[in-house]
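Please look at the sequence and the model side by side before reading on. This report is meant to help you find a few features for yourself.

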Amino acid sequence: MARAAKLEQQIPIHMTRPPGSNRSFNDGIAPELRERLHVVVSPLIAIEPLGAPVDIGPEDAAIFTSGNGVKYAPQGAGQRAYCVGEQTTQRARQAGWVAICAGNDAT
């Protein structure tokens, strides 16, 4: 009986990324497991733009390590961008950059 009760307990999981950044991870969890999770959203950081103007010339390139970098960068106008991860690469392409996936992590 104690084993059955233990299996029904919810599993705590703490999401520490900025708000909205956990969605793709959560969507990838199998529904039967998701039902057993108690998700606690507790961001450790917040992503905020600096507000400083960015001057990117036609021969310049950008390096994006996350989708947030793409979000706050100026629209690309055919300039090259080196990106970490496929999702960041796709976001950069949608923003007008000629984006190249340079790997799945910063290495």
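The text below turns to a sheet, a helix and a pair of aromatic rings in this model, which is predicted.

The sheet is an open one of three strands in the order β3-β4-β5, and its strands pair in parallel. Because β3 (61-64) and β5 (98-101) stand at the edges with a single partner strand each, one side of each is left without a neighbour in the sheet. On average, and with direction ignored, neighbouring strands of this sheet are turned by 25° against each other.

Between β4, which covers residues 80-83, and β5 there are four bridges, and these two strands run parallel. At one place along β5, Val98 has Arg80 standing opposite. Helix α5, made of residues 86-94, lies across β3, β4 and β5, and the helix runs at about 175° to β5.

The model also holds one aromatic pair. The ring centres of Phe64 and Trp97 are 5.3 Å apart and the ring planes stand at 80°, which is over the 60 degrees required, so the pair counts as edge-to-face. This pair links distant parts of the chain, since Phe64 belongs to strand β3 whereas Trp97 sits in the loop between α5 and β5, 33 residues apart.

Are these two residues buried or exposed? The table gives the relative accessible area of each partner.

| Residue | Relative accessible area | State |
|---|---|---|
| Phe64 | 5% | buried |
| Trp97 | 4% | buried |

Phe64 at 5% is buried because its value lies under 20%, and Trp97 at 4% is buried because its value also lies under 20%.

Methods:
Residues numbered from 1 in each chain as written. Predicted model: local features only at pLDDT ≥ 70, side-chain atom pairs only at ≥ 80, totals over all residues. Heavy atoms only, no water. Pairing = 2+ DSSP bridges. Axes fitted to C-alpha atoms, helices over the stretch in contact; angles between N-to-C directions. Contact = heavy atoms within 4.5 Å. Phe/Tyr/Trp six-rings, centres within 6.5 Å; stacked < 30°, edge-to-face > 60°. Buried < 20%, exposed > 50% of the residue type's maximum accessible area, 1.4 Å probe, protein only.
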